[in-house]
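Thanks for coming, everyone. Please take a look at the model on the screen, and then I'll walk you through it.

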Amino acid sequence: MFASNRTDRDTDGYTHTAHRLSDLVRGIPGFLGEDSAHTPGGLAISVAYFRDLAGIEAWRRDPEHLAAKQRGRERWYEQYVIHIARVEHSHGFTRT
């Protein structure tokens with residue numbers, strides 16, 4: 001899980017990179033899915049789900065992802081935190 005507060009700088013570059021990373025993470029072995037939410041005030045939460053720690057590690061080491069993280073620290077984020085956790089149970093509801 002990646003929770004962040006954004007700066008107001010380079011929003012076009014951020015949006016392009018976020019879309020690129022969303023496409024890129026789907027190619028990581030063990031990727032299961034992702035969720036994200038954003039508030040008008042700049043808070044964003046993105047969660048990527050992987051089958052195992054090997055998938056998480058492959059994503060962490062991906063060169064394009066590493067470059068985006070560096071740009072994020074330089075331009076896009078006031079702060080962020082990353083949590084790695086195991087999902088023990090999940091259920092949901094969808095109105096039909």
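First, a word on terms: a helix here is a DSSP run of H or I with at least four residues, and helices are numbered from the N terminus. With that in hand, Ile 56 can be placed: this residue sits in helix α2, which covers residues 53-61. And please keep in mind that this is a predicted model.

Let me stay with Ile 56 for a moment. Is Ile 56 buried, exposed or partly exposed? Its relative accessible area is 24%, so Ile 56 is partly exposed. Buried would need under 20%. What does Ile 56 touch, once residues up to four places away in sequence are set aside? Phe 50 and Ile 84. Now follow the chain from Ile 56 to Arg 73. That is 17 residues along the chain, and the two C-alpha atoms are separated by 20 Å.

Now the sheet. It is an open sheet of four strands. Read across, the order is β2-β3-β1-β4, and the pairing is antiparallel. Which strands stand at the edges? They are β2, residues 31-38, and β4, residues 77-82. Each of these two has a single partner strand, so one side of each has no neighbour in the sheet. On average, neighbouring strands are turned by 15° against each other, with direction ignored. As a general reminder, strands of a sheet pair through backbone hydrogen bonds, either parallel or antiparallel.

Let's go pair by pair. Start with β2 and β3. How many bridges join them? Seven, and the two strands run antiparallel. One pair of partners to find on the screen is Ser 36 with Ser 46 in β3. These two strands also form a hairpin, with four residues between them. Look in the turn for Gly 42, which has a positive phi of about 105°.

Next, β1 and β3. Strand β1 covers residues 2-6, and four bridges join it to β3, again antiparallel. Here Asn 5 stands opposite Leu 43 in β3.

Leu 43 deserves a closer look. It belongs to strand β3, residues 43-50. With a relative accessible area of 35%, Leu 43 is partly exposed. Leu 43 also helps make a nonpolar surface patch, together with Met 1 and Ile 45. That patch is about 220 Å².

Compare that with Ser 4, over in strand β1. Ser 4 counts as buried, because its relative accessibility is 1%. What surrounds Ser 4, leaving aside neighbours within four places in sequence? Its contacts are Gly 42, Leu 43, Ala 44, Tyr 77, Gln 79 and Tyr 80.

On to the helices. Helix α1, residues 11-25, lies across β1, β2, β3 and β4. Helix α1 runs at about 155° to β2.

Then there is helix α3, residues 63-76, where we find His 65. His 65 is at 12% relative accessibility, so it counts as buried. Beyond residues up to four places away in sequence, His 65 touches Leu 21, Leu 24, Trp 59 and Arg 60.

Last topic: charges. Side chains of opposite charge can pair when their charged atoms come close. How many salt bridges does the structure hold? Six.

Take Arg 20 and Glu 64. Their side chains meet in a salt bridge at 2.7 Å, N to O. Arg 20 is in helix α1 and Glu 64 is in helix α3, so this pair ties together parts that are 44 residues apart in sequence. Arg 20 is partly exposed at 36% relative accessible area. Glu 64 counts as partly exposed too, at 33%.

A second one is Arg 26 with Glu 34, where the closest N and O atoms are 2.8 Å apart. Glu 34 counts as partly exposed, at 30% relative accessibility.

Then Glu 88 and Arg 86. In this salt bridge the closest N and O atoms are 3.9 Å apart. Are these two residues buried or exposed? Glu 88 counts as exposed at 66% relative accessibility. Arg 86 counts as exposed at 68%. There is a network as well: salt bridges that share partners join Glu 57, Arg 60 and Arg 61. We met Arg 60 earlier, as one of the residues that His 65 touches.

That's my tour. Thank you.

Methods: Residues are numbered from 1 along each chain as its sequence is written. This is a predicted model: local features need pLDDT of at least 70, side-chain atom pairs count only at pLDDT 80 or more; totals for chains, interfaces and linings use all residues. Side-chain values use heavy atoms; hydrogens and water are left out. Buried means under 20% relative accessible area, exposed over 50%, partly exposed in between (1.4 Å probe, protein chains only). Contact means heavy atoms within 4.5 Å. Patches are made of residues with over 30% relative accessible area and no salt bridge: like charges are joined within 9 Å, nonpolar side chains (Val, Leu, Ile, Met, Phe, Trp, Tyr) within 5 Å. Accessible areas come from the Shrake-Rupley method with a 1.4 Å probe; for residues, only the protein chains shown count as cover. A salt bridge is a side-chain nitrogen of Lys or Arg within 4 Å of a carboxyl oxygen of Asp or Glu. Two strands pair if DSSP finds at least two bridges between them. Axes are lines fitted to C-alpha atoms, for helices over the stretch in contact, and angles run from 0 to 180 degrees between N-to-C directions.
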